[in-house]
Amino acid sequence: VRLLVVGPVTEEVVYRALVCTSLHHSGVPTWGVYLVSGTLFSQAHIHHLYEYIYQEGVELWPALVSVMAQSLITLVFGLYSCFVFLQTGTVFSVIALHAYCNWLGPPSLHWWGYRSVRWWILVAYLAGVLTFACAVALVVRTETNPFSSLFLT
């Protein structure tokens, strides 16, 4: 429940509905809204360092590497969520997106150990990211927005 409901609802209300909307209405440039909201969202997940070390018994260096990787992933997700929120104008879209991403979990990198195919898999990952970015760019160019504006009006 925490991972799929409580976390997505509270974090998206705070970082998108409150932070993005406040920055957007105060005249901060859109890139600044993305950057501040995404960075705050990412930094809010640093508490996992404490959990890894003191609750799970992970050594300091592996815990730091894990938290740094998680911070990068949450930064990218925070930037994208801010983008989706500003495009749709509703917090419900990013709550659903956040819950879905939490359900999927972080990207797996276990394939890096397979030397014979690792570069093909990396190319496939990058092609997927590029295709996704192109698809988002096409959707954003549409003139009408089918979503009602819940927080940005």
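# A walk through six helices

Start by selecting Arg16 and Glu12: both are buried, meaning under 20% relative accessible area, while exposed is over 50% and partly exposed is in between (1.4 Å probe, protein chains only). You're looking at a predicted model, where local features need pLDDT of at least 70 and side-chain atom pairs count only at pLDDT 80 or more, while totals for chains, interfaces and linings use all residues. Residues are numbered from 1 along each chain as its sequence is written, and side-chain values use heavy atoms, leaving out hydrogens and water.

**Stop 1: the pair in H1**

Stay on Arg16 and Glu12. They form a salt bridge, with the closest N and O atoms 2.6 Å apart; the term asks for a side-chain nitrogen of Lys or Arg within 4 Å of a carboxyl oxygen of Asp or Glu. Both residues sit in helix H1, 4 residues apart, so about one turn of the helix separates them. How many salt bridges does the structure hold? Just 1.

**Stop 2: zoom out**

Now show the whole chain as a cartoon. You'll find 6 helices and 0 strands, where helices (H or I, at least four residues) and strands (E, at least two) are DSSP runs numbered from the N terminus. Following the sequence, the pattern reads α-α-α-α-α-α. The C-alpha trace spans about 50 × 40 × 30 Å along its principal axes.

Of the protein's 153 residues, 29% count as buried. Among contacts with a separation of 6 or more, 69% come from residues 24 or more positions apart; a contact here means heavy atoms within 4.5 Å. Switch on a surface and you see about 10,200 Å² exposed, 72% of it supplied by carbon and sulfur atoms. These areas come from the Shrake-Rupley method with a 1.4 Å probe, and for residues only the protein chains shown count as cover.

**Stop 3: the nonpolar core**

Hide the surface and select Val33, Phe85 and Val91. These have the most contacts inside the largest nonpolar core, a group of 18 residues. Such a core is a set of buried Ala, Val, Leu, Ile, Met, Phe, Trp, Tyr and Cys residues joined through side-chain atoms within 4.5 Å. H1, helix H2 (30-43), helix H4 (60-88) and H5 each supply at least two of its residues, with H4 giving the most, 6 residues. In soluble globular proteins, nonpolar side chains tend to be buried together.

Which residues does Val33 touch, leaving out those up to four places away in sequence? Cys20, Leu23, His24, Val28, Cys82 and Leu86.

**Stop 4: Val67, further along H4**

Next, select Val67, which is found in helix H4. Val67 counts as buried because its relative accessible area is 5%. Skipping residues up to four places away in sequence, Val67 touches Ile46, His48, Leu49 and Tyr52. Try a distance label between the C-alpha atoms of Val67 and Tyr52: they're 15 residues apart along the chain and separated by 8.9 Å.

**Stop 5: the loop after H4**

Move to Thr90, in the loop between H4 and H5. Is Thr90 buried or exposed? With a relative accessible area of 7%, Thr90 is buried. Show its side chain, which reaches the backbone nitrogen of Phe92 at 3.3 Å.

**Stop 6: a nonpolar patch outside**

Bring the surface back and colour Val1, Leu3, Leu4, Val5, Val6, Val9, Val13, Val14, Leu18, Tyr100, Trp103 and Leu104. Together they make a nonpolar surface patch of about 1,100 Å². Patches are made of residues with over 30% relative accessible area and no salt bridge, joining like charges within 9 Å and nonpolar side chains (Val, Leu, Ile, Met, Phe, Trp, Tyr) within 5 Å. Helix H1 (2-25) and helix H5 (91-104) are the elements giving two or more residues to this patch, and H1 has the largest share with 8.

Click on two of the members. Leu4, in helix H1, counts as partly exposed because its relative accessibility is 38%. Trp103, in helix H5, has a relative accessible area of 60%, so Trp103 is exposed. From Trp103, draw a line to Ile53: the two are 50 residues apart along the chain, and their C-alpha atoms are separated by 24 Å.

**Last stop: H6**

Finally, select Gly128 in helix H6 (residues 118-140). Gly128 is partly exposed, with a relative accessible area of 39%. Compare its position with Cys101: the two are 27 residues apart in sequence and 16 Å apart in space, C-alpha to C-alpha.

Terms used:
Polar contact = N/O pair within 3.5 Å; in protein donor to acceptor, adjacent residues only side chain to side chain.
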